[in-house]
Amino acid sequence: MKLAYESNVGNARSTRYKEKILGRAERLFADHGFAATPLRQITAEAGVNLAAVNYHFHSKEALLSAVLERKVQPVNVRRIELLDQALSEAGESRPSLRR
């Protein structure tokens, strides 16, 4: 499943830049909050220029969405797996979501 922040640009350099930006943004947003974290601080720590953030994410808000999606997506996949398992184990009866 392709996440929203993953574009069709397949070169490794582009992917590295995106991952560096996401990693730094995640840490800085967590440490200082969204409003108190300037894009210039993220780009300085990621070692990329401001244009890279604008190219890959278009805005600071979209960058935050990508950071959140990157963290939530694996949890959601696991949640769906567990729900499917509960339905499968229940068969025709009502599934129990308690273990």
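Leu50 sits in helix α3 of what is a predicted model. With a relative accessible area of 25%, Leu50 comes out as partly exposed, because the buried class ends at 20%. Leaving aside residues up to four places away in sequence, Leu50 touches Leu39, Arg40 and Thr43. Take Arg40 as one of these partners: Leu50 and Arg40 are ten residues apart along the chain, and their C-alpha atoms lie 6.6 Å from each other.

Those partners lead straight to helix α2, which covers residues 39-46. Leu39 and Thr43, both touched by Leu50, are buried, and so are Ile42 and Ala46 of α2. Looking down the axis of α2, the buried residues fall within an arc of 95°, so they line one face of the helix. Arg40, the other residue that Leu50 touches, is exposed; along with Ala44, which is exposed too, Arg40 is carried on the face of α2 turned away from the buried side. As for what the buried residues of α2 pack against, the list is α1, α3 (50-57) and α4. Right after α2 comes Gly47, with a positive phi near 75°.

Next, the pairing of α1 and α4. Two packed helices are described by the angle between their axes and the distance between those axes. Here, α1 (residues 12-32) and α4 (residues 60-90) pack at about 90°, and their axes are 10 Å apart. That angle makes α1 roughly perpendicular to α4. On the α1 side, the contact is made by Glu19, Ile21, Leu22, Gly23, Ala25, Glu26 and Phe29, while α4 brings in Lys60, Leu63, Leu64, Ala66, Val67, Arg70 and Lys71. Sorted by class, this contact of α1 with α4 holds eight nonpolar residues, five charged ones and one polar one.

Then there's the core. In soluble globular proteins, nonpolar side chains tend to be buried together. The largest nonpolar core in this model has 15 residues, and Ile21, Ile42, Phe57 and Leu63 are the ones with the most contacts inside it. Helices α1, α2, α3 and α4 are the elements that give two or more residues to this core, and α1 gives the most, with five. Several names come back at this point. Ile21 and Leu63, which have turned up in the contact of α1 with α4, are among the core residues with the most contacts. Ile42, also in that group, is one of the buried residues of α2.

Notes. Residues are numbered from 1 along each chain as its sequence is written. This is a predicted model: local features need pLDDT of at least 70, side-chain atom pairs count only at pLDDT 80 or more; totals for chains, interfaces and linings use all residues. Side-chain values use heavy atoms; hydrogens and water are left out. Axes are lines fitted to C-alpha atoms, for helices over the stretch in contact, and angles run from 0 to 180 degrees between N-to-C directions. Helices (H or I, at least four residues) and strands (E, at least two) are DSSP runs, numbered from the N terminus. Angles under 35 degrees count as roughly parallel, over 145 as roughly antiparallel, 65 to 115 as roughly perpendicular and the rest as oblique. Contact means heavy atoms within 4.5 Å. Ala, Val, Leu, Ile, Met, Phe, Trp, Tyr, Cys and Pro count as nonpolar, Asp, Glu, Lys and Arg as charged, and the others, Gly among them, as polar. Buried means under 20% relative accessible area, exposed over 50%, partly exposed in between (1.4 Å probe, protein chains only). The arc is that of the directions from the helix axis to the C-beta atoms. A nonpolar core is a set of buried Ala, Val, Leu, Ile, Met, Phe, Trp, Tyr and Cys residues joined through side-chain atoms within 4.5 Å.
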